[in-house]
Amino acid sequence: MSRQIRRNGISLFHGRVRFLSEHTIEMQTVDGAQQQFTADIIVVATGSRPKNPEEIPVDHEHILDSDSLLSMMYLPRSLAVVGGGVIGCEYASIFALLGVEVTLIDRAPYPLQFMDRELVEQFIKGFEQQGGHYLGGQHIEKVQWDEVAHVVTKLSDGTTINTEKMLVALGRQANIEDLNLSAAGIMVSEKGVIPVSQYCQTNVSHIYAVGDMVGAPALASKAMEHGRRAVRHALNLPIGDAASTIPLGIYTIPEMASIGLDEMGARERYRNPLIGRAKFEEIARAQISGAGHGLLKMVADPVGERLLGVQIVGDFATELVHLGQLALQSGSTIESFIDNVFNFPTYAEAYRIAALDILGQVAKSRTAKAA
């Protein structure tokens, strides 16, 4: 990354900055020196940090957040993970696979509420097969270190859980407090993020904000696209419409990915959308790899012609989803997945199987109507 910066003629300075006006920022270096910069265009990309609730005493030794967790020098025997979002589920599945006794706790009946329910059920099944345990619909009453060997977690239903460590993964908050945004006239929402336009402009038109600090979803791919859109807009260059089809990738074990409408979203818009499924156990590559636990879902319009979305759980899900992304961007038909020949054996073959499932449903419907 440093080589790329130098190669592109970018000057890099390290320090803490704050706005002095809408065109001027002040930087304080590590040694205390101060320097001012003035610019016609400013992009703010200070990211976010873990959001730790007051009722849970995060001490970064026994009760950790997603940053301090990475400083552990050894694998604990047991770990409680509070929060069924992306970060909580990713770390929970990783530690479970490493042999740690993991308990994932969340208020919702199932984790990853924004994902397709069928995919989440597959994730929970895989997580529990690895030795993990999901406790849904739970509220935490109290968390404390017993000063001996365990973090003691008391739940609202009376359950007590003793674990060697705890990870608190209850979201993130934008790094904006020390930027002195008011000096530049930049607005901040009630949720503590910076509202921006489709081009990532703040209410001050020459100041752009990108990444986690503008709100969910907190995706690296989204942040990079924000940066691209902001700079190209500022320089009056063509922007394109890539932001409308940013895939969602979750690096749990197994991986999950989604693009476009899922089954529930399609049913809200269409009376009878068609759903094609390809189970990985039916795919030769998955059989060879010993990774048959997975599913690819294709969502199509009621007549089985137009692709509306793709959801995947299983090995290489975050790679496979890009084929669905390109198909959505190009307006490909369901039949085009059958007309194309895929390398064999590959996981991508799942697209053809799911497409055949959809067209099979169309054929049955026509036969039934004819009869």
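**Salt bridges around K297 and the sheet that carries it**

Modeller: E263 and K297 form a salt bridge in this predicted model, their closest N and O atoms lying 2.7 Å apart.

Biologist: Why is the contact of E263 with K297 called a salt bridge?

Modeller: The term requires a side-chain nitrogen of Lys or Arg within 4 Å of a carboxyl oxygen of Asp or Glu. For E263 and K297 the closest N and O atoms are 2.7 Å apart, so the pair meets that limit. E263 belongs to helix α5 (residues 263-269) and K297 to strand β19, so the bridge ties together parts 34 residues apart in sequence. Helices (H or I, at least four residues) and strands (E, at least two) are DSSP runs, numbered from the N terminus.

Biologist: What makes K297 buried?

Modeller: Buried means under 20% relative accessible area, exposed over 50%, and partly exposed in between (1.4 Å probe, protein chains only). K297 has a relative accessible area of 0%, so it is buried. E263, at 17%, is therefore buried as well.

Biologist: Which other residue forms a salt bridge with K297?

Modeller: E118 does, with the closest N and O atoms 2.9 Å apart. This pair links distant parts of the chain, E118 lying in helix α3 (residues 117-129) and K297 in strand β19 (residues 295-300), 179 residues apart. E118 has a relative accessibility of 24%, so it counts as partly exposed. D116, E118, E263, R267, R277 and K297 are linked in a network of salt bridges, and the structure holds 13 salt bridges.

Biologist: How do you know that β18 and β19 pair?

Modeller: Two strands pair if DSSP finds at least two bridges between them. Because 6 bridges join β18 to β19, the condition is met, and these strands run antiparallel. I275 stands opposite V299 in β19.

Biologist: What makes β16 and β18 edge strands?

Modeller: The open sheet is formed by 5 strands in the order β16-β17-β20-β19-β18, with antiparallel pairing. β16 (248-250) and β18 (274-279) are its edge strands, as each pairs on one side only.

Biologist: Which helix lies across β18, β19 and β20?

Modeller: Helix α9 (residues 349-370) does, running at about 140° to β18. Axes are lines fitted to C-alpha atoms, for helices over the stretch in contact (heavy atoms within 4.5 Å); angles run from 0 to 180 degrees between N-to-C directions.

Biologist: What are the conditions on these values?

Modeller: In this predicted model, local features need pLDDT of at least 70 and side-chain atom pairs count only at pLDDT 80 or more, while totals for chains, interfaces and linings use all residues. Residues are numbered from 1 along each chain as its sequence is written, and side-chain values use heavy atoms, with hydrogens and water left out.
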